[in-house]
Amino acid sequence: MKKVDARGRSCPEPVVMTKEALENSQEDLEILVGEEVAKENVIRFVRKSGAEVEVSKIEDGYKLIVK
């Protein structure tokens with residue numbers, strides 16, 4: 001599973017990092033974000049891309065698993 005750590009980055013960077021990872025990988029992605037806004041923006045982008053996303057709260061933000 002490819003990991004993308006976007007904690008501490010402000011939008012639109014987490015979405016751009018997710019887009020690049022989706023384009024360059026055929027495997028599932030683990031995306032870490034620190035902000036609620038980043039989480040919502042990444043979820044929206046992933047769903048528009050046709051992928052599924054699972055979200056869980058972690059100590060310093062959110063973990064999104066993209067399939």
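Which strands does helix 1 lie across? Before selecting anything, note that the model on the screen is predicted. The answer to the opening question is that helix 1 lies across strand 1, strand 2 and strand 4. Relative to strand 2, helix 1 runs at about 170°. The tour below begins with the sheet and then returns to the helices.

**Stop 1: the whole sheet**

Select the strands and display them as a cartoon. Four strands form an open sheet, and their order across it is 1-2-4-3, with mixed pairing. Strand 1 and strand 3 (53-58) occupy the edges; each has a single partner strand, so one side of each is left without a neighbour in the sheet. On average, neighbouring strands of this sheet are turned by 20° against each other, direction ignored. As background, strands of a sheet pair through backbone hydrogen bonds, in either a parallel or an antiparallel manner.

**Stop 2: strand 1 beside strand 2**

Select residues 2-5, which form strand 1. Strand 1 pairs with strand 2 in the parallel sense, over four bridges. One pair to display is Lys-2 with Leu-29, its bridge partner in strand 2.

Next, select residues 29-33, which make up strand 2. Are the residues of strand 2 buried or exposed? Five of the five are buried, so strand 2 is largely enclosed by the rest of the structure. Show the side chains to see the two directions in which they point: Leu-29, Ile-31 and Val-33 go one way, while Glu-30 and Leu-32 go the other way.

**Stop 3: strand 4 and the hairpin**

Select residues 61-66, which form strand 4. Strand 4 pairs with strand 2 in the antiparallel sense, and five bridges connect them. Ile-31 has Leu-64 of strand 4 as its bridge partner. Because five of the six residues of strand 4 are buried, this strand is largely enclosed by the rest of the structure.

Now add strand 3 to the selection. Strand 3 and strand 4 run antiparallel and are joined by six bridges. A hairpin links the two strands through two residues. Two positions are worth labelling here: Val-55 stands opposite Leu-64, and Lys-57 stands opposite Tyr-62.

**Stop 4: the two helices**

Select helix 2, residues 36-48. Helix 2 packs on the sheet and touches strand 2, strand 3 and strand 4. The direction of helix 2 makes about 10° with that of strand 4.

Add helix 1, residues 13-24. Two packed helices are described by the angle between their axes and the distance between the axes. In this model, the axes of helix 1 and helix 2 come within 9 Å and cross at roughly 35°. The crossing is right-handed.

Which residues of helix 1 meet helix 2? They are Pro-14, Val-15, Thr-18, Lys-19 and Leu-22, and they meet Ala-38, Asn-41, Val-42, Phe-45 and Val-46 in helix 2. The residues of this contact comprise seven nonpolar, two polar and one charged.

While helix 2 is displayed, select Lys-39, which is found in this helix. Lys-39 has a relative accessible area of 10% and is therefore buried, the cut-off being under 20%. Leaving aside neighbours within four places in sequence, Lys-39 is in contact with Val-33, Val-55, Tyr-62 and Leu-64.

**Stop 5: the loop before helix 1**

Select Gly-8, in the loop between strand 1 and helix 1. With a relative accessibility of 80%, Gly-8 counts as exposed. Display Asp-60 as well: the C-alpha atoms of Gly-8 and Asp-60 are separated by 9.9 Å, although the two are 52 residues apart along the chain.

Pro-12 lies in the loop between strand 1 and helix 1. Select it together with Cys-11, and examine the peptide bond from Cys-11 to Pro-12, which is cis, with omega near 15°.

**Stop 6: the start of the chain**

Select Met-1, in the segment before strand 1. Met-1 is exposed, with a relative accessible area of 51%. Its C-alpha atom lies 5.6 Å from that of Leu-29, and the two residues are 28 residues apart in sequence. Apart from neighbours within four places in sequence, Met-1 has contacts that include Glu-27, Asp-28 and Ile-65.

**Last stop: the annotated span**

Finally, select residues 2-67, which UniProt lists in an unreviewed entry as "domain: UPF0033". The end C-alpha atoms of this span lie 11 Å apart. The span is 38% helix and 32% strand.

Methods
Residues numbered from 1 in each chain as written. Predicted model: local features only at pLDDT ≥ 70, side-chain atom pairs only at ≥ 80, totals over all residues. Heavy atoms only, no water. Axes fitted to C-alpha atoms, helices over the stretch in contact; angles between N-to-C directions. Left-handed = near helix turned anticlockwise from the far one by under 90°. Contact = heavy atoms within 4.5 Å. Nonpolar A, V, L, I, M, F, W, Y, C, P; charged D, E, K, R; others polar. UniProt positions renumbered as here; feature names shortened; annotations may be inferred. Buried < 20%, exposed > 50% of the residue type's maximum accessible area, 1.4 Å probe, protein only. Pairing = 2+ DSSP bridges.
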